[in-house]
Amino acid sequence: MVKKVRLGGNSRRLKPLVSLAIESGYQVSITNGGHLKMCPPIRGFPPLFFAKTPSDFRAAKNAIAFLVKQIRAIQAFKEIENEDSQSRDLGQELDTTSST
């Protein structure tokens, strides 16, 4: 179930951050303390926490940059995982053909 995250007042600068996170498969919620919590789509990566009402105008840009770095790391992890599974599959194919 997708819960709509409500951003009010000064936090409208965070809308691009939230939409990027949702497009990338993150689950976005608001903590009891009023922070944004973004859980990555795969296990092994920590959730990200950001202030819902940043006091610095650069905070939203820094948060977006940090999220993009984690998204790239997840993509690299998935590519390595795919390469490993393909090499394992190839190794199994070679084992079955050499045994006959």
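The fold, the nonpolar core and one aromatic pair of this predicted model are described below.

The chain contains two helices and three strands. Read from the start of the sequence to its end, these elements follow the pattern α-β-β-β-α. The chain has 100 residues, and 20% of them count as buried. Among contacts in the chain with a separation of 6 or more, 44% are accounted for by residues 24 or more positions apart. The accessible surface amounts to about 7,500 Å², and carbon and sulfur atoms make up 53% of that area.

Helix H1 spans residues 15–23, and its buried residues are Leu17, Val18 and Ala21. These residues lie on the same side of H1, because the arc they cover around the axis is only 95°. Glycine 25, just after H1, adopts a positive phi of about 95°.

Strand S2 (residues 35–39) and strand S3 run antiparallel and are joined by four bridges. Within this pairing, leucine 36 is placed opposite phenylalanine 50 of S3. In a regular strand, side chains alternate between the two faces of the sheet. Such an alternation is found along S3, which covers residues 48–51. Leu48 and Phe50 point to one face and are buried, whereas Phe49 and Ala51 point to the other face and are not buried.

In soluble globular proteins, nonpolar side chains tend to be buried together. The largest nonpolar core of the model comprises 15 residues. The members that touch the most other members are Leu17, Tyr26, Leu36, Met38, Phe50 and Leu67. At least two residues of this core come from each of H1, S2, S3 and helix H2, the last of which spans 59–98. The most is given by H2, which contributes five residues. Several residues already described recur here: Leu17 is one of the buried residues of H1, and Phe50 is on the buried face of S3. Leucine 36 and phenylalanine 50, which stand opposite each other, are both among the core members with the most contacts to other members.

One aromatic pair was counted in the model. The ring centres of phenylalanine 45 and phenylalanine 77 are 5.8 Å apart and the ring planes meet at 80°, so the pair is classed as edge-to-face. Phenylalanine 45 belongs to the loop between S2 and S3, and phenylalanine 77 belongs to helix H2; the pair thus links distant parts of the chain, 32 residues apart. Phenylalanine 77 has a relative accessible area of 36% and is therefore partly exposed.

How values were computed
Residues numbered from 1 in each chain as written. Predicted model: local features only at pLDDT ≥ 70, side-chain atom pairs only at ≥ 80, totals over all residues. Heavy atoms only, no water. Buried < 20%, exposed > 50% of the residue type's maximum accessible area, 1.4 Å probe, protein only. Pairing = 2+ DSSP bridges. Arc of directions from axis to C-beta. Core = buried A, V, L, I, M, F, W, Y, C linked by side-chain atoms within 4.5 Å. Contact = heavy atoms within 4.5 Å. Areas by Shrake-Rupley, 256 points an atom, 1.4 Å probe, with all protein chains shown as cover. Phe/Tyr/Trp six-rings, centres within 6.5 Å; stacked < 30°, edge-to-face > 60°.
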